[in-house]
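Thanks, everyone. I would like to take a few minutes to walk through the strands of this chain and how they pair, so please have the sequence and the structure open as we go.

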Amino acid sequence: MTGSVPADLIHLEDADGNRCIVRVTGRFQPGILTGHDILRADVLVSASFIDARLDVYLFQQDLDAWQQGLSDLAPGRQASIGGDRGLSLTLHVHDDGWVSVAVEDPDRLTTLLGIRPEENWVDRHQERLQQVRQTWPSEVIKTAPGAYKWSPNRKR
């Protein structure tokens, strides 16, 4: 599925114009076993003091961790994506409904902003995750360290 339309994995914004979006734009290296399942994404962060666009590459384990983080998300808890290889994004939910969004890219940017998202935002983000997984399903199987093969379910 090379001509897929970008899909927002994360889309938080509020009436004050604060926003954080992680928009998946496609596969990193479509058709190449070692890069096919890695997804390219843009991180868009806006507030009165910042307007930034950063790149992030998402592995299938990042999506798995994000799914688990969303499942466990509640006031006082947090969910993260990325982090091991550069950019990390962490959402921390507060008791009053606010969400702190920490964006850290060691070489370019570290910022924290507060967003008051609409109700049921976690449910919508679980739906967004499923949309991303359906649009760019995992099609590579790791058979041993450093060895890969195409999944029999691969869509060509």
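**Strand pairing in the model**

Let me begin with the sheet, in which 4 strands are arranged in the order 5-6-7-8, forming an open sheet whose pairing is antiparallel. At its edges we find strand 5, residues 78-82, and strand 8, residues 109-115, each of which pairs on one side only. If direction is ignored, neighbouring strands of this sheet are turned against each other by 10° on average. I should say here that we are looking at a predicted model.

Within that sheet, strand 6, which covers residues 88-93, runs antiparallel to strand 7, residues 99-105, and the two are joined by 6 bridges. To find your place in this pair, look for His92, which stands opposite Ser100 in strand 7.

Next, the helix: helix 1, made up of residues 60-71, lies across strand 5 and strand 6, and its direction makes an angle of about 170° with strand 5.

Now to the start of the chain, where strand 1 and strand 2 form a hairpin with 5 residues between them, and where Gly17, in the turn, has a positive phi of about 90°. The two strands run antiparallel and are joined by 6 bridges, with strand 2 spanning residues 19-27; for Asp8, the bridge partner in strand 2 is Arg23.

Why can we call strand 1 largely enclosed by the rest of the structure? Of the 7 residues in this strand, residues 7-13, 5 are buried, and therefore strand 1 is largely enclosed, where buried means under 20% relative accessible area.

Methods. Residues are numbered from 1 along each chain as its sequence is written. This is a predicted model: local features need pLDDT of at least 70, side-chain atom pairs count only at pLDDT 80 or more; totals for chains, interfaces and linings use all residues. Side-chain values use heavy atoms; hydrogens and water are left out. Buried means under 20% relative accessible area, exposed over 50%, partly exposed in between (1.4 Å probe, protein chains only). Two strands pair if DSSP finds at least two bridges between them. Axes are lines fitted to C-alpha atoms, for helices over the stretch in contact, and angles run from 0 to 180 degrees between N-to-C directions. Contact means heavy atoms within 4.5 Å.
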